[in-house]
Amino acid sequence: MKTKTLKNVLCMAGCALIAMTFVGCAGAQRSAPRAVPVVNMNFERGDYEIQKNVTASSEVTSYLNIIHVIDGDPSKMIIFGYRTFEDQYEEVPSQGVFADALAWIGEMFSGGSPLTRAGYKALTEAEANGADVMIPMRTQTTIRGFKPFYTVRTATVKGKAAVLKEDAANLTK
């Protein structure tokens, strides 16, 4: 009787170990702030005016990698790739039939990019304050949760809002 009980306990422990390997563990991950690539536009300091700092964040909360809630708003959900709202943040150009089919399958289990949404929000905030461009300074992303059951991905974009000044030579023409 004792050997049968010991076998059952070892079998259950082995199954639990295998299940934990496939499921994963709870955790958090934070990436180091990334500098955005430098864009050289050959502006003189008098060609633009820095207005203010701009910061925007976005968050995607995923449940079973099937249901994704955007920025904590239940009216903004992505369920199996179907958006319950108009998503103006992302546009993916066509890459061909095969690549588009693979992207569609991947999109069924994706809540989209919080980094792309945060960048869009930062640019929108800069434009609302009269800026022409938003000069990105850095981004930061964080992932936490218990994959694949529950995951929260957060991204923050920081930058400077700038106004381009009119060229005096163009105004006289």
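Which residues of helix 3 are buried? I began with this question on a predicted model. The buried residues of helix 3 are P114, R117, A118, A122 and A126.

**Entry 1: helix 3.** I looked up the extent of the helix and found that it covers residues 114–128. Helix 3 has 15 residues, and the distance from its first C-alpha to its last is 21 Å, close to the 21 Å expected at 1.5 Å a residue. I then examined both ends. At the N-terminal end, S113 acts as a cap, with a side-chain oxygen 3.3 Å from the backbone nitrogen of L115. Just after the helix, I noted that G130 has a positive phi of about 90°.

**Entry 2: P114.** I turned to P114, which lies in helix 3. Its relative accessible area is 9%; P114 therefore counts as buried, the cut-off being under 20%. Leaving aside residues up to four places away in sequence, I found that P114 touches S58, E59, V60, R153 and A155. The C-alpha atoms of P114 and A155 are 5.5 Å apart, although 41 residues separate the two along the chain.

**Entry 3: the strands.** Two of the residues touched by P114, V60 and R153, led me to the strand pairing. R153 in strand 8 is the bridge partner of V60. Strand 3 (residues 48–63) and strand 8 (residues 150–164) run antiparallel and are joined by 15 bridges. I next looked at strand 7 (residues 133–146), which is also antiparallel to strand 8 and is joined to it by 13 bridges. Within this pairing, T139 has V157 of strand 8 as its bridge partner. A hairpin of three residues connects strand 7 to strand 8.

**Entry 4: packing against the helix.** What do the buried residues of helix 3 pack against? I found strand 3, strand 4 (67–70), strand 5 (77–79), strand 6 (82–83), strand 7 and strand 8.

**Entry 5: the nonpolar core.** I listed the members of the largest nonpolar core, which has ten residues: V54, A56, A118, A122, A126, A131, M134, A155, V157 and A161. Strand 3, helix 3 and strand 8 each contribute at least two residues to this core. In soluble globular proteins, nonpolar side chains tend to be buried together.

**Entry 6: M134.** I chose M134, one of the core residues, for a closer look. Not counting residues up to four places away in sequence, M134 touches V54, G119, A122, L123, A126, V157, G159 and K160. Among these contacts, V54, A122, A126 and V157 are also listed in the core.

Definitions and conventions. Residues are numbered from 1 along each chain as its sequence is written. This is a predicted model: local features need pLDDT of at least 70, side-chain atom pairs count only at pLDDT 80 or more; totals for chains, interfaces and linings use all residues. Side-chain values use heavy atoms; hydrogens and water are left out. Helices (H or I, at least four residues) and strands (E, at least two) are DSSP runs, numbered from the N terminus. Buried means under 20% relative accessible area, exposed over 50%, partly exposed in between (1.4 Å probe, protein chains only). Contact means heavy atoms within 4.5 Å. Two strands pair if DSSP finds at least two bridges between them. A nonpolar core is a set of buried Ala, Val, Leu, Ile, Met, Phe, Trp, Tyr and Cys residues joined through side-chain atoms within 4.5 Å. The expected span of a helix is 1.5 Å times one less than its number of residues. A polar contact is a pair of N or O atoms within 3.5 Å; within protein, one must be able to donate a hydrogen and the other to accept it, and residues adjacent in sequence count only if both atoms are side-chain atoms.
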